[in-house]
Every structure is written in C-alpha cells, then in structure tokens.
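Colleague: Hi, could you walk me through this one? I'd like to start with the charged pairs and then wander a bit.

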Amino acid sequence: MALDQSFVGRTYPPTPAYEVGREKIREFAEAVGDTNPAYMDPEAAKALGYQDVIAPPTFVFSITFKAAGQVVQDPQLGLDYSRVVHGDQKFAYVRPVRAGDRLTVTSTIEAIKTMAGNDIVDIRGEVHDESGEHVVTAWTKLVARAAEEA
C-alpha cells in the first residue's frame with residue numbers, strides 16, 4: 001500500500017542533544033579509514049584554525065539516521081521497516097562538527113514516492129548546536145522494498 005502523501009512536510013520534534021566526543025570522532029575516523037590528523041589530534045586541528053578536533057563529514061550520519069527513526073516509527077505513516085534499505089545520503093555543511101558540540105536534529109519528510117511498488121521517503125535532518133546555530137543539513141532517502149509476490 002502506498003504511503004500517505006499528506007505526510008510530506010511533516011516535521012518531528014528535535015531529538016535530545018547528542019554530545020560529540022573526541023573519542024567518538026577518533027573511533028569513527030578509524031572505522032572509515034580516514035587518518036586526517038584534524039580528526040584525532042587537537043593540536044593539528046588547532047593549527048588548522050579549529051577549537052578542537054573536527055569530525056569527518058559522514059560522522060553526522062550516525063545521529064541524523066537515528067533521528068530519522070522518528071519518521072520510520074511513526075505508526076500513522078505505516079512504513080514497513082522490515083523492508084527498508086538506505087537509498088541515498090547527502091550533506092550540506094555550514095561548519096564542521098566539533099568535539100564538544102551538543103547537537104539536536106529536527107527531521108522533516110520532504111517527499112514520498114512510490115515506484116515499481118517500492119515506497120521511497122526523503123527525510124531532511126536539520127542539525128543545530130546548543131546555541132541554535134545551524135551546523136549541517138542531511139538528506140536521507142529510505143526505500144521500503146515492495147513485498148514479494150508468492
């Protein structure tokens with residue numbers, strides 16, 4: 001069954017604040033194989049003009065994808081998560097994510113489409129720090145695969 005188009009534009013409440021830690025940044029950078037010293041060494045980051053270590057660009061996915069869970073778990077939307085795959089991801093940064101940031105994410109459904117029986121949901125996550133400064137926008141595309149016919 002196709003998802004309800006009236007959900008396009010629906011915005012969910014901001015998430016609780018996520019505190020970005022140096023160790024989380026280092027672990028993420030190691031996991032993705034990025035050895036940029038600005039991700040691991042506070043002095044290297046300061047030499048580049050940052051207050052502390054910064055996170056690799058895809059680091060914010062971990063909190064924006066979790067925030068998109070509000071959309072996925074909305075019983076009124078009716079998305080079958082057991083059939084969902086991650087379709088696409090993109091980011092538009094205002095500034096890098098830094099160690100010590102306390103970030104919240106507000107998710108909005110930007111589009112709902114049905115193609116070949118697959119439901120496609122585009123979610124925009126606006127990430128702000130605790131002062132309200134916009135840090136990054138993340139777009140996540142989720143695809144709920146069509147049910148297989150018996």
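Colleague: Which residue does Arg26 form a salt bridge with?

Modeller: Arg26 pairs with Glu30, and their closest N and O atoms are 2.6 Å apart. A salt bridge here is a side-chain nitrogen of Lys or Arg within 4 Å of a carboxyl oxygen of Asp or Glu. Bear in mind that this is a predicted model: local features need pLDDT of at least 70 and side-chain atom pairs count only at pLDDT 80 or more, while totals for chains, interfaces and linings use all residues. Residues are numbered from 1 along each chain as its sequence is written, and side-chain values use heavy atoms, with hydrogens and water left out.

Colleague: Thanks! Where do Arg26 and Glu30 lie?

Modeller: Both are in helix α1, 4 residues apart, which is about one turn of the helix. Helices (H or I, at least four residues) and strands (E, at least two) are DSSP runs, numbered from the N terminus.

Colleague: Is Glu30 buried or exposed?

Modeller: In between: Glu30 is partly exposed, with a relative accessible area of 47%, and Arg26 is partly exposed at 24%. The cut-offs are under 20% relative accessible area for buried and over 50% for exposed, with partly exposed in between (1.4 Å probe, protein chains only).

Colleague: How many salt bridges does the structure hold?

Modeller: There are 14 salt bridges. One of them joins Glu130 to Arg102, with the closest N and O atoms 3.4 Å apart. That pair links distant parts of the chain, with Glu130 in the loop between β4 and β5 (134-144) and Arg102 in strand β3, 28 residues apart. Glu130 is exposed at 62%, whereas Arg102 is partly exposed at 32%.

Colleague: And what is the distance between the closest N and O atoms of Arg124 and Glu126?

Modeller: For that salt bridge the value is 2.9 Å. Glu126 is buried, with a relative accessible area of 17%, and Arg124 is partly exposed at 22%. Elsewhere, Arg95, Asp101, Asp129 and Glu133 are joined into one network by salt bridges that share partners.

Colleague: Changing topic: how many aromatic pairs are there?

Modeller: The count is 3 aromatic pairs. Rings of Phe, Tyr and Trp (its six-membered ring) pair if their centres lie within 6.5 Å; planes under 30 degrees apart count as stacked, over 60 as edge-to-face and the rest as tilted. Phe28 and Phe59 are edge-to-face because their planes are at 85°, with the ring centres 5.5 Å apart. Phe28 is in helix α1 (residues 22-31) and Phe59 in the loop between α2 (42-47) and α3 (61-72), so this pair links distant parts of the chain, 31 residues apart.

Colleague: Is Phe59 buried or exposed?

Modeller: Phe59 is buried, at 3% relative accessible area, while Phe28 is partly exposed at 22%. Phe91 and Tyr93 make a tilted pair, 6.3 Å centre to centre with 45° between the planes. In that pair Phe91 is partly exposed at 25%, and so is Tyr93, at 32%.

Colleague: What sits over the ring of Trp139?

Modeller: The charged end of Lys90, 5.3 Å from the ring centre. The rule is that NZ of Lys or CZ of Arg is within 6 Å of the ring centre and within 35 degrees of the ring normal.

Colleague: Now the strands. How many bridges join β3 to β4?

Modeller: 11 bridges, and the two strands run antiparallel. Strands pair if DSSP finds at least two bridges between them. Lys113, for instance, has Ile120 in β4 as its bridge partner. Strand β1 (residues 18-19) also pairs with β3 in the antiparallel sense, over 2 bridges, and there Tyr18 is matched with Leu103.

Colleague: What about Ala116, in the loop between β3 and β4?

Modeller: β3 and β4 form a hairpin with 2 residues between them, and Ala116 in the turn has a positive phi of about 55°. Most residues other than glycine have a negative phi. Ala116 is exposed, at 77% relative accessibility.

Colleague: Last one: which residues touch the most other members of the largest nonpolar core?

Modeller: Ile25, Val97, Leu103 and Val127, out of 19 residues in that core. A nonpolar core is a set of buried Ala, Val, Leu, Ile, Met, Phe, Trp, Tyr and Cys residues joined through side-chain atoms within 4.5 Å. α1, α3, β3 and β5 each supply at least two of its residues. Another core, of 15 residues, lies apart from it and includes Phe7, Ala68, Ile112 and Ala144.
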